[in-house]
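Reader: Hey, got a minute to walk through this one with me? I'd like to go over cysteines, odd backbone angles and strands.

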Amino acid sequence: MVIMTSSLTFEPVLKRIAEEIEHTPGRGRPADYIPALAACDPRRFGMAVAELDGTVYGVGDWREPFSAQSVTKVFTLALDLAREGDELWEHVGREPSGNPFNSLVQLEYENGIPRNPFINAGALVVTDRLQTRTGDAAGTLLDFLRTESGNPGLDFDHEVAASEATHGDRNAALAHFMASYGNIDNPVPLLLDQYFRQCSVRASCADLALATAFLARHGVRADGSRLFTRSQAKQVNAVMLTCGTYDAAGDFAYRVGLPGKSGVGGGIVAVVPGRCTLCVWSPGLDERGNSVAGVAALDRFTTLTGLSVF
């Protein structure tokens, strides 16, 4: 059954999804390789939908801040693409990786050019280029999220950033390897500090759904100004669809049918161009690093509402 969606029907849809998720067994495991995230309860669940005018609907823990992690890669990509345009794509690709998000394998035979901006290597390149253009990539990201979400209280989680830095050898290896090919501009320690702070941002489902809405508005920010062109918004949405959920992007597109970006904190943002944006959070992950309940909830949302890009 498809429920016709207007602003009056998102709330019952979300309530129904939350009830179904509550009775779903097997919710996955938190990201235990980041000690600061390991203690999260995998049965926590929140979901929010933001309409283009800034109206937000939510259910469950939708106002509970969580570690955004790789969800932030959407915003650093957009912020850098707005500044340098197509030159960015000379340094990072746009193809699905087919390998784990922290893999070193492809970099060697592809001469230090990451496959896409959402695997760790590609995100490091994007953060590096944003750092070169702004002098403070993480601060630029935080300012953008605060403005677009309307929440000036958003901040970094310094405990999470320190935890990732302590256990960040793989990311350091990726950065040094790309630097050896001339694909990193800034000193690696500076880049890693920016990257770990970027990933440590704490935000709620409501915050992230609102902050992502510029992609549903085809590049237009909350204040009506334009971040980048309609074509560039299309590019970001396309890369989210094909690469946004690590090496499970094909399955996510099959089940959900929306551009999306996940993070190992358990969050996923998704975009219905021209209509709304969503964020769902549940810390239990599958073996590929995506929220088990989050993917299931988005699957149900597009099934119940008929809102999909297909």
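Author: Sure. Keep in mind that this is a predicted model.

Reader: Okay, cysteines to begin with. How many disulfides does a search of the whole structure find?

Author: The search comes back with 0 disulfides. Cys-205 is in none, and the nearest cysteine sulfur to it, that of Cys-279, is 4.1 Å away.

Reader: Why no bond for Cys-279?

Author: Because its sulfur is 4.1 Å from the closest cysteine sulfur, in Cys-205, which is too far for a bond. A disulfide needs the two sulfurs within 2.5 Å.

Reader: And is Cys-205 buried or exposed?

Author: Buried, because its relative accessibility is 0%. Cys-279 is buried too, with a relative accessible area of 0%.

Reader: Switching to the backbone. Which residue other than glycine has a phi near 50°?

Author: That's Gln-69, with a positive phi. Most residues other than glycine have a negative phi.

Reader: Where does Gln-69 lie?

Author: In the loop between strand E3 (66-67) and helix H3 (73-84). Gln-69 counts as buried, at 3% relative accessibility.

Reader: What about Asn-111, what's its phi?

Author: Near 55°, so again a positive value in a residue other than glycine. Asn-111 sits in the loop between helix H4 (105-109) and helix H5 (120-134).

Reader: Now strands. What's the order in the open sheet of 3 strands?

Author: E3-E5-E4, with antiparallel pairing. E3 and strand E4 (155-156) are the edges, each pairing on one side only. E4 and strand E5 (residues 201-203) pair over 2 bridges, and Asp-155 stands opposite Arg-202 in E5.

Reader: And E7, how many of its residues are buried?

Author: 6 of 6, for residues 267-272. Gly-267, Val-269 and Val-271 point one way, while Ile-268, Ala-270 and Val-272 point the other. In a regular strand the side chains alternate between the two faces of the sheet.

Reader: Which strand does E7 pair with over 6 bridges?

Author: Strand E8 (residues 276-281), in the antiparallel sense. Ile-268 stands opposite Val-280 there. The hairpin of E7 and E8 has 3 residues between the strands, and Gly-274 takes a positive phi near 80°.

Reader: What about E6 and E7, how many bridges join them?

Author: 3, with strand E6 (residues 260-262) running antiparallel to E7. Lys-261 stands opposite Val-269. E6 and E7 form a hairpin with 4 residues between them, and Gly-266 in the turn has a positive phi of about 100°.

Note on methods: Residues are numbered from 1 along each chain as its sequence is written. This is a predicted model: local features need pLDDT of at least 70, side-chain atom pairs count only at pLDDT 80 or more; totals for chains, interfaces and linings use all residues. Side-chain values use heavy atoms; hydrogens and water are left out. Buried means under 20% relative accessible area, exposed over 50%, partly exposed in between (1.4 Å probe, protein chains only). Two strands pair if DSSP finds at least two bridges between them.
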